[in-house]
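This report describes selected features of one protein chain. Please consult the sequence and the structure shown here while reading.

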Amino acid sequence: MNGKGDKWRGGWNQKYASNFDSIFKRKKTMEKIYIFDVDGTLTPSRQKMTKEFREFFEQWALKNKFYLVTGSDLPKLQEQMNGMEIHSDGIFTCCGNQFWQSDPAVHPKHCDLVYENEFKPPQNLLTYLSEELRMSDYHYRGGNHIEDRGSMLNFSIVGRDCSYEDRIDYFEWDKTSGERKRIAKHIRNEWSELDAVIGGQISIDIYPKGMDKSQVLDIIKQDRIIKSNQYIFIGDRIEGGGNDYPLAQLMDRTKNCNWYQTESSKQTQEILEKMNE
Ligand SMILES: [Mg+2]
């Protein structure tokens, strides 16, 4: 019979056969979800993304899904990423204590706050930090030493307002003096409910225990429509108790997760290129 019904049935079969095929293929190939630290991973420390890396990353971002997770707050991240942040699927600032999303189709630059964890630092912690600031053997104070970001505290002996040269000088001095390690350890010992980790080149991030970068993995999983994904994290502060360590540690215990330690955006590019070979 060559009636209308047959033609319709033929069309139906063909259309759905190809749809089944694409659904099947999608299930076989897991979607790769990338999670990036920003400072030292996608950009030089406290500086804008380099021209060379931006050229690479602009193209890479067109074909890949990624989230950002930084110890900084949103204005600092935007300054460093210079517009590239809106191409991400989500932005975690303050070590995952704030989550932002944007829709470039609706608004080219605006990010909406999805959630925020509140942290009120205890007074005796602030007193202790002021005392360390006064007593440190480091010779220079650049300003902006205790920064309350609402959901975490950032502490720096040389100060966040110091120049690039002062930053490098403190970073080198800290390597030999071990000042940040000592202060972070003291905080963890004295305030059992708090965590303190070395962040970036000059500072220490302080927040309630567990409210670190590791909290982003669950949020990202909830944010994905396809649940069985492969998660890849790249950060420059994984080793040596840095602020990327808690997330890498959680990934070690979680299925379909991998992490990579990087030293620069140049190396991050090499890692990404190798992965796509
Ligand atoms: Mg970093």
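The sections below cover a central strand, the nonpolar cores and several individual residues of this predicted model.

## Strand β10 and its partners

Strand β10 comprises residues 229–235. Because 5 of its 7 residues are buried, β10 is largely enclosed by the rest of the structure.

Strand β10 pairs with two strands, β1 and β11. With β1 (residues 31–36), the pairing is parallel and runs over 6 bridges; within it, Ile33 has Tyr231 of β10 as its bridge partner. With β11 (residues 257–261), the pairing is likewise parallel and extends over 5 bridges, and here Ile234 stands opposite Tyr260 of β11. Helix α8 (residues 245–252) joins β10 and β11 in a β-α-β unit of right-handed sense.

## Nonpolar cores

The largest nonpolar core contains 31 residues, of which Ile35, Phe36, Leu68 and Phe233 touch the most other members. At least two residues of this core come from each of β1, β2 (65–69), α3, β3, β4, α7 (216–223), β10 and α8.

The surroundings of Ile35 illustrate how this core is assembled. Beyond its neighbours within four places in sequence, Ile35 is in contact with Phe66, Tyr67, Val69, Val216, Ile220, Tyr231, Ile232 and Phe233. A second core, separate from the largest one, has 15 residues, including Ala196, Val197, Ile206 and Tyr207.

## Two residues with positive phi

Asn82 and Cys94 merit inspection of their backbone. Asn82, which is not a glycine, has a positive phi near 50°. Asn82 belongs to the loop between α3 (74–81) and β3 (90–93). It counts as exposed because only 11 C-beta neighbours lie inside 10 Å, and the limit for that class is 12 or fewer.

Cys94 also has a positive phi, about 50°, without being a glycine. Cys94 is found in the loop between β3 and β4 (98–101). With 26 C-beta neighbours inside 10 Å, Cys94 is classed as buried, since the threshold is 20 or more.

## Glu58 and His87

Glu58 is part of helix α2, which spans residues 51–63. Its 13 C-beta neighbours inside 10 Å place Glu58 in the partly exposed class. In sequence, Glu58 and His87 are separated by 29 residues, while in space their C-alpha atoms are 8.8 Å apart.

Definitions and conventions: Residues numbered from 1 in each chain as written. Predicted model: local features only at pLDDT ≥ 70, side-chain atom pairs only at ≥ 80, totals over all residues. Helix = DSSP H or I, 4+ residues; strand = E, 2+ residues; numbered from the N terminus. Pairing = 2+ DSSP bridges. Right-handed = clockwise from strand over helix to strand, strands pointing away. Core = buried A, V, L, I, M, F, W, Y, C linked by C-beta atoms within 7 Å. Contact = placed C-beta atoms within 7 Å.
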